[in-house]
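Please walk me through this structure in plain language. I have not seen it before and would like some places to start looking.

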Amino acid sequence: MALNYIWIAFFLIAFVIAFCKLVFFGDVDAFKLLVDGMFDSSKSSVMDIALPLAGNMVLWLGILNIGERAGAMNFLSRIVGPFLSRLFPEVPKKHPATGQMMMNFSANLLGLDNAATPLGLKAMSSLQELNPNKETASNAQIMFLVLHTSGLQLLPVTIIAQRFILHAKDPADVLIPCIIATYVATVVGMIAVAIKQKINLFDRVIVSWLGGMTAFIALLVFYFTHYLDKEQITTVSKVASNLLLFAIPTVFILGALRKKVNVFESFIDGAKSGFEVSVKIIPYLVAMLVAISVFRNSGALDYLNNGVRWAATNLNMDTRFVDAMPVAYMKPLSGSGSKAMMINVMQTYGPDSFAGRLGSVFNGSADTTFYIVALYFGSVGIKKSRYAIPAGLIADFAGVIAAILISYLFFG
């Protein structure tokens, strides 16, 4: 229901703004810009997102099926089962969804976007099998989606690569702020959903896992800041992510050979559903991305940014953070849109400026809530998202606040 009202609001706000531009300012191209954006975004939804995603879906669902037959999902379930069973009490122990969710979280941690989406859609499909009301999101699906949209990652490879392309002096200097900001977003999102679902966050297992993850991230940050220089951080990020991305199918294949599984047939059996899922989500992608396009092209984000700048000025606050805020506005709406905004901010103010660095941290602090809700829930036919969007936006907001504070701490 929330997504329905938000979708309607995007169109109505865009119409009102364009109408005011036409009537009061004589902007005869106001509606043309909206219409062109509608056609461009509907085309890119299919040609630039759905079709490339179909290839990734076919590849990674095939690889995931090899892993399942090799026993990788059961292995992961035994390790993380006690923790996930507390966060997902509706999911039976040793259910395939547990291992699939862990695979998705692991891919996100390593910044493996191409692998994370197919694995996440597979996990959502498994959770849908347990959902008694097929058109309404279950508690487990909401918890999974919010943890996914918080975008926890340790290696923001694409952000570092883009900063390198734009000739940043130290492309990897945003690595530590990105890790901290996205971790804050993840923990806040998890707490928000846990409170709503009455999950005991003081359970010994949950506290132990959260404490362990916090300690691991703290040690990682300490190691990167004290033992590696900027160039080494960039190299480690690039090598580790690509090594692990190729190691996953290799380990699955070796495990399948050990169990005498027909690897090729397992891949084909798993890959068959990839294209079907990609076709199924096209209407949801078109609907969401067209609405985002008209909202952005109307100039609504610019007006919002001007309002934030006015408020910050009147509160005697430093306003440098406002220059990067368009990235934060776009992040919950569109991954490609926020990336474009990040690049624009770095090109306008410089990749080593405060705004350029903060824009990079914004882009790494969370994932695209509205896009993921449309994509993941659309793939399994869920029409009622319940409180998934508000919880996801709470995580996004926490990530934005953390990104601003951390960037001032690191970059002044």
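What follows is a short tour of a predicted model, moving from enclosed helices to charged pairs.

Let us begin with helix H4, which runs over residues 96–109. Its 14 residues reach 20 Å from the first C-alpha to the last, close to the 20 Å expected at 1.5 Å a residue. Of those 14 residues, 11 are buried, so H4 is largely enclosed by the rest of the structure. Among the buried ones are Met101, Met102 and Met103, and the list also includes Phe105, Asn104 and Asn108.

A good place to go from here is Ser126, in helix H5 (residues 113–129). Is Ser126 buried or exposed? Its relative accessibility is 5%, so Ser126 counts as buried. Leaving out residues up to four places away in sequence, Ser126 touches His95, Ala97 and Gln100. Ala97 and Gln100 are both on the list of buried residues in H4, so you can follow this contact back to the helix where we started.

Now turn to helix H17 (residues 369–379), where 11 of the 11 residues are buried, so this helix too is largely enclosed by the rest of the structure. Its buried residues include Phe370, Tyr371, Tyr376 and Phe377, along with Ile372, Val373 and Leu375. After H17 comes Gly381, which has a positive phi, near 80°.

Next, look for a charged residue in helix H1 (residues 2–25), namely Lys21. Lys21 is buried and yet has no salt bridge. Which side chain of opposite charge is nearest to Lys21? That is Asp27, 4.9 Å away, while a salt bridge calls for a nitrogen and a carboxyl oxygen within 4 Å. What Lys21 does have is a backbone oxygen, that of Ser298, lying 2.9 Å from a polar atom of its side chain. Neighbours within four places in sequence aside, Lys21 is in contact with Gly26, Asp27, Ala30, Ser298, Gly299 and Tyr303.

Elsewhere, charged side chains do pair up: the structure holds 10 salt bridges. One of them joins Arg86 and Asp203, whose closest N and O atoms are 3.3 Å apart. This pair links distant parts of the chain, with Arg86 in helix H3 (residues 72–87) and Asp203 in the loop between helix H8 (175–196) and helix H9 (204–227), 117 residues apart. Arg86 is partly exposed, having a relative accessible area of 32%.

Another salt bridge is formed by Glu135 and Lys383, with 3.8 Å between the closest N and O atoms. Glu135 sits in the loop between H5 and helix H6 (139–149), and Lys383 in the loop between H17 and helix H18 (388–411), so the pair ties together parts that are 248 residues apart in sequence. Glu135 counts as partly exposed at 40% relative accessibility, whereas Lys383 is exposed, with a relative accessible area of 58%.

Asp318 and Arg320 also meet through their side chains, in a salt bridge of 3.1 Å from N to O. Asp318 is partly exposed, at a relative accessible area of 37%, and Arg320 is partly exposed as well, at 33%.

For a last stop, find Arg163, Asp173, Asp352 and Arg357, which are linked in a network of salt bridges.

Note on methods. Residues are numbered from 1 along each chain as its sequence is written. This is a predicted model: local features need pLDDT of at least 70, side-chain atom pairs count only at pLDDT 80 or more; totals for chains, interfaces and linings use all residues. Side-chain values use heavy atoms; hydrogens and water are left out. Helices (H or I, at least four residues) and strands (E, at least two) are DSSP runs, numbered from the N terminus. The expected span of a helix is 1.5 Å times one less than its number of residues. Buried means under 20% relative accessible area, exposed over 50%, partly exposed in between (1.4 Å probe, protein chains only). Contact means heavy atoms within 4.5 Å. Lys and Arg count as positive and Asp and Glu as negative; His and the chain ends are not counted. A polar contact is a pair of N or O atoms within 3.5 Å; within protein, one must be able to donate a hydrogen and the other to accept it, and residues adjacent in sequence count only if both atoms are side-chain atoms.
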